[in-house]
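Student: Before we begin, I should like to ask how the terms used for a structure of this kind are justified.
Tutor: Please put your questions one at a time, with the structure in view.

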Amino acid sequence: MSASLSRPRVGVWLIGARGSVATTVVTGCAAVAAGLHPPTGMVTETPAFTDSGLPALSDLVFGGHDTLDCPLPKRAESLTAGGVLPPGVATAVAAELAAADREIRPGGPTPGDSRTEAELITAFADDIRDFAHRHELERAVVMNVASTEPASQGPGAPLPASTLYALAALRAGCPYVNFTPSEGMHHPDAAREAEWSGLPHAGRDGKTGQTLLRAVLGPMFAQRALSVRAWSGTNLLGGGDGAALADPAAAAAKNAGKERVLADTLGTVPEGEVHIDDVPALGDWKTAWDHIAFDGFLGTRMILQTIWQGCDSALAAPLVLDLARLTARAHERELSGPLGALGFYFKDPVGEGPSGLAEQYEALVGFARSLREAGPARVDESGDVR
Ligand SMILES: NC(=O)c1ccc[n+]([C@@H]2O[C@H](COP(=O)([O-])OP(=O)(O)OC[C@H]3O[C@@H](n4cnc5c(N)ncnc54)[C@H](O)[C@@H]3O)[C@@H](O)[C@H]2O)c1
């Protein structure tokens, strides 16, 4: 990937590029870059990240893979009708949506696909390299925002699609971020290859609602020496994610991450389960209810209940943009391996790091500071090399 004397541009290759999250990412990036909306929800737009050398939103170029062929502008239209995107914004950024749409390549494996795993990896990697080459990108980050897959089938089973894409990212020399609970780089075949690739990677499963609250409340109970007896949760959601999570095997993959934060912050796994119900009428809007039974002084029994009503893609999209910028900068600084400092963003973080949100935020800000220091030369807004 060549750097030119014009501003270096960074690719964001979205696996699941026609989904709700991906469409909101492309629309939102263009809208914020054009000054149509403030960057609400983007942590990298806060002062702690000002001098970290992150790529500008206007320097991001989007492409990706999907197994569907619904055009991106059409997808944005239906997200507007569902109230996920504000009226008028998709029309205002129609050119950017059309440009990203032209860069989406057929994903896989699709039913009846006769290509071997090696052929699929090669084809995916070629698509990413071709994208980077044609746009003269300085680098590209591969971001998994595809439908959640069922939990791992164990040794000997075919590689899940998310792992084929993770291997393709490594093959194309790109950092990789897994915003989903799917196996991706966690598969032993990919983990082995990641280790000697010299590339950074991050994941998994974006922490946007129920688990975000758990990462705040878990430490609170522990620090106040209150004894949590049971922690139960229910999620109602629709959209493509709701439909995918109606499969109990996919829901199991998601729930494992939600429970990990409690084990890590409380030091024990309390009684209680997490349920996910597909309610198509809710579309992208999620209601997450948590019921926490705890004991106070002298065993006095008490209850905390929380209800989170969020728009999933609007919560996820700014984090995906943050992660693309941070991972691209980490790659530029020649960091490699699991980026544990990005645990702030994930339910089931890779690498070492704390589990409570406050400590995760501190680690993230420290990481942002370290990115400032002595990075390889960059070209500034006016085209000067620094
Ligand atoms: N708040 C959030 O929205 C949030 C939080 C954490 C994680 N996630 C995860 O992000 C992912 C995307 O969510 P969404 O709401 O956009 O879902 P969605 O159903 O709208 O989009 C998923 C897209 O992936 C595509 N896809 C499926 N299999 C593919 C394959 N093999 N190759 C390429 N593309 C493929 C689908 O065609 C679809 O366009 C889900 O896995 C979800 O669990 C979302």
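Student: What makes domain 1 and domain 2 parts in contact, and how many residues of each are involved?
Tutor: First, a caution: this is a predicted model, in which local features need pLDDT of at least 70 and side-chain atom pairs count only at pLDDT 80 or more, while totals for chains, interfaces and linings use all residues. Residues are numbered from 1 along each chain as its sequence is written. Two residues are in contact if their C-beta atoms, placed from the backbone, lie within 7 Å. By that test, 20 residues of domain 1 are in contact with 26 residues of domain 2. Helices α11 and α12 (357-372) each supply at least two residues of the side of domain 1 that touches domain 2.

Student: How do you know where the domains lie in the sequence?
Tutor: Domain bounds come from an automatic or database domain assignment. This divides the protein into domain 1 (10-206 + 314-372) and domain 2 (210-311). Their centres, taken over C-alpha atoms, are 25 Å apart.

Student: Why is the ligand said to lie between the domains?
Tutor: A residue is near a molecule if its C-beta atom, placed from the backbone, lies within 6 Å of it. Domain 1 and domain 2 both give residues to the shell around the ligand, so the ligand lies between them. There are 29 residues around the ligand, and G16, G19, G107, G240 and D312 come nearest. Elements that each supply at least two residues of the shell include α1 (20-33) and α9 (239-244); here helices (H or I, at least four residues) and strands (E, at least two) are DSSP runs, numbered from the N terminus.

Student: What makes β3 and β11 edge strands?
Tutor: Two strands pair if DSSP finds at least two bridges between them. The open sheet of 7 strands runs β3-β2-β1-β4-β5-β6-β11, with parallel pairing. β3 (104-106) and β11 (337-338) each have a single partner strand, so one side of each is left without a neighbour in the sheet.

Student: How do you know that β1 and β2 are paired?
Tutor: Strand β1 (residues 10-15) is joined to β2 by 6 bridges, and the two run parallel. The test asks for at least two bridges, so the strands count as paired. Within this pair, G11 stands opposite V61 in β2.

Student: Why is the pairing of the other sheet called mixed, and which of its strands are antiparallel?
Tutor: Strands of a sheet pair through backbone hydrogen bonds, either parallel or antiparallel. The open sheet of 4 strands, in the order β8-β7-β9-β10, has mixed pairing. Strand β7 (residues 227-237) and strand β9 (residues 285-295) pair in the antiparallel sense over 9 bridges. Helix α8 (residues 210-223) packs on this sheet, touching β7, β9 and β10, and its direction makes about 15 degrees with that of β9. Such axes are lines fitted to C-alpha atoms, for helices over the stretch in contact, and angles run from 0 to 180 degrees between N-to-C directions.

Student: What makes the peptide bonds at P109 and R204 noteworthy?
Tutor: A cis peptide bond joins G108 and P109, with omega about -10 degrees. The bond from G203 to R204 is also cis, with omega near -20 degrees. P109 is in the loop between β3 and α5 (117-134), and R204 is in the loop between β6 and α8.

Student: How do you know how confident the predictor is?
Tutor: The score is pLDDT, the predictor's confidence in each residue, from 0 to 100. The protein's mean pLDDT is 92, and 95% of its residues reach 70 or more. Over residues 376-386, however, the pLDDT is below 50.
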